[in-house]
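Here's a quick tour of one model, with an eye on its surface and its charged pairs. Have the coordinates open as you read.

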Amino acid sequence: MSDASAPSERYRQGMATRRAVLGDNHVDRAQSATTDFDRPFQDLITEAAWGHVWSRPNWTKRERSIVTIALLAALGQDEEVAMHVRATANTGASREDICEALLHVAIYAGVPAANHAIKIARQVLADMDAGKAA
């Protein structure tokens with residue numbers, strides 16, 4: 001975005017979708033931690049990931065959530081796996097959906113990647129059950 005005082009429509013849609021998926025508390029924390037150095041990156045992911053991809057009408061947020069968890073697990077992106085498992089509270093993806101996604105990871109990306117992601121998901125789900133904030 002060239003003019004931060006006038007966000008694009010894609011940015012506005014992205015921010016609304018980002019908040020719907022990740023929750024206001026998460027987005028507010030991320031926004032408050034943004035610096036001049038990483039603001040361009042934050043703008044990019046808000047517009048591209050959230051405004052363009054996550055806001056498309058072809059898949060539900062549940063479907064995008066399942067695919068995202070599988071991809072992040074396959075790539076070994078632990079913090080992002082945890083964040084997106086927490087986001088299932090907002091996307092409608094179930095524990096069974098997470099399990100099925102991680103079974104696919106085991107077959108198509110490797111057992112170690114799935115095994116590690118399952119450990120992360122179990123801990124996040126236990127924290128959610130216990131009412132622990134992320």
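Let's start on the outside. Trp 59, Val 67 and Leu 71 make a nonpolar surface patch of about 290 Å². Keep in mind that this is a predicted model. Trp 59 sits in the loop between α3 (39-53) and α4 (61-75). How exposed is Trp 59? Its relative accessible area is 43%, so Trp 59 falls in the partly exposed class, which runs from 20% to 50%.

Next, the helix that follows that loop. Two packed helices are described by the angle between their axes and the distance between the axes. For α4 and helix α5 (residues 78-91), the axes come within 9 Å and cross at roughly 165 degrees. That makes the two helices, α4 and α5, roughly antiparallel, because the angle is over 145 degrees. As for handedness, the crossing of α4 past α5 is left-handed.

Now for the charges. How many salt bridges does a search of the whole structure find? The search turns up 7. Here are some of them, with the N to O distance for each:

| Salt bridge | N to O distance |
|---|---|
| Arg 12 with Glu 9 | 3.1 Å |
| Arg 19 with Asp 28 | 2.9 Å |
| Asp 129 with Arg 95 | 2.5 Å |

Take the pair of Arg 12 and Glu 9. Both residues belong to helix α1 (residues 9-22), and they are 3 residues apart, about one turn of the helix. Arg 12 is partly exposed at 43% relative accessibility, while Glu 9, at 51%, counts as exposed. The line between those two classes is drawn at 50%, so Glu 9 ends up on the exposed side.

The pair of Asp 129 and Arg 95 bridges with closest N and O atoms 2.5 Å apart. This pair links distant parts of the chain: Asp 129 is in helix α7 (residues 111-129) and Arg 95 is in helix α6 (residues 95-108), 34 residues apart. Asp 129 has 56% relative accessibility and so counts as exposed. Arg 95 has a relative accessible area of 40%, which puts Arg 95 in the partly exposed class.

There's also some sharing of partners. Arg 19, Asp 24 and Asp 28 are joined into one network by salt bridges that share partners. Within that network, the side chains of Arg 19 and Asp 28 meet at 2.9 Å, N to O. Arg 19 is partly exposed at 25% relative accessibility, and Asp 28 is partly exposed too, with a relative accessible area of 39%.

Conventions:
Residues are numbered from 1 along each chain as its sequence is written. This is a predicted model: local features need pLDDT of at least 70, side-chain atom pairs count only at pLDDT 80 or more; totals for chains, interfaces and linings use all residues. Side-chain values use heavy atoms; hydrogens and water are left out. Patches are made of residues with over 30% relative accessible area and no salt bridge: like charges are joined within 9 Å, nonpolar side chains (Val, Leu, Ile, Met, Phe, Trp, Tyr) within 5 Å. Accessible areas come from the Shrake-Rupley method with a 1.4 Å probe; for residues, only the protein chains shown count as cover. A salt bridge is a side-chain nitrogen of Lys or Arg within 4 Å of a carboxyl oxygen of Asp or Glu. Helices (H or I, at least four residues) and strands (E, at least two) are DSSP runs, numbered from the N terminus. Buried means under 20% relative accessible area, exposed over 50%, partly exposed in between (1.4 Å probe, protein chains only). Axes are lines fitted to C-alpha atoms, for helices over the stretch in contact, and angles run from 0 to 180 degrees between N-to-C directions. Angles under 35 degrees count as roughly parallel, over 145 as roughly antiparallel, 65 to 115 as roughly perpendicular and the rest as oblique. A crossing is left-handed if the near helix is turned anticlockwise from the far one by less than a right angle, and right-handed if clockwise.
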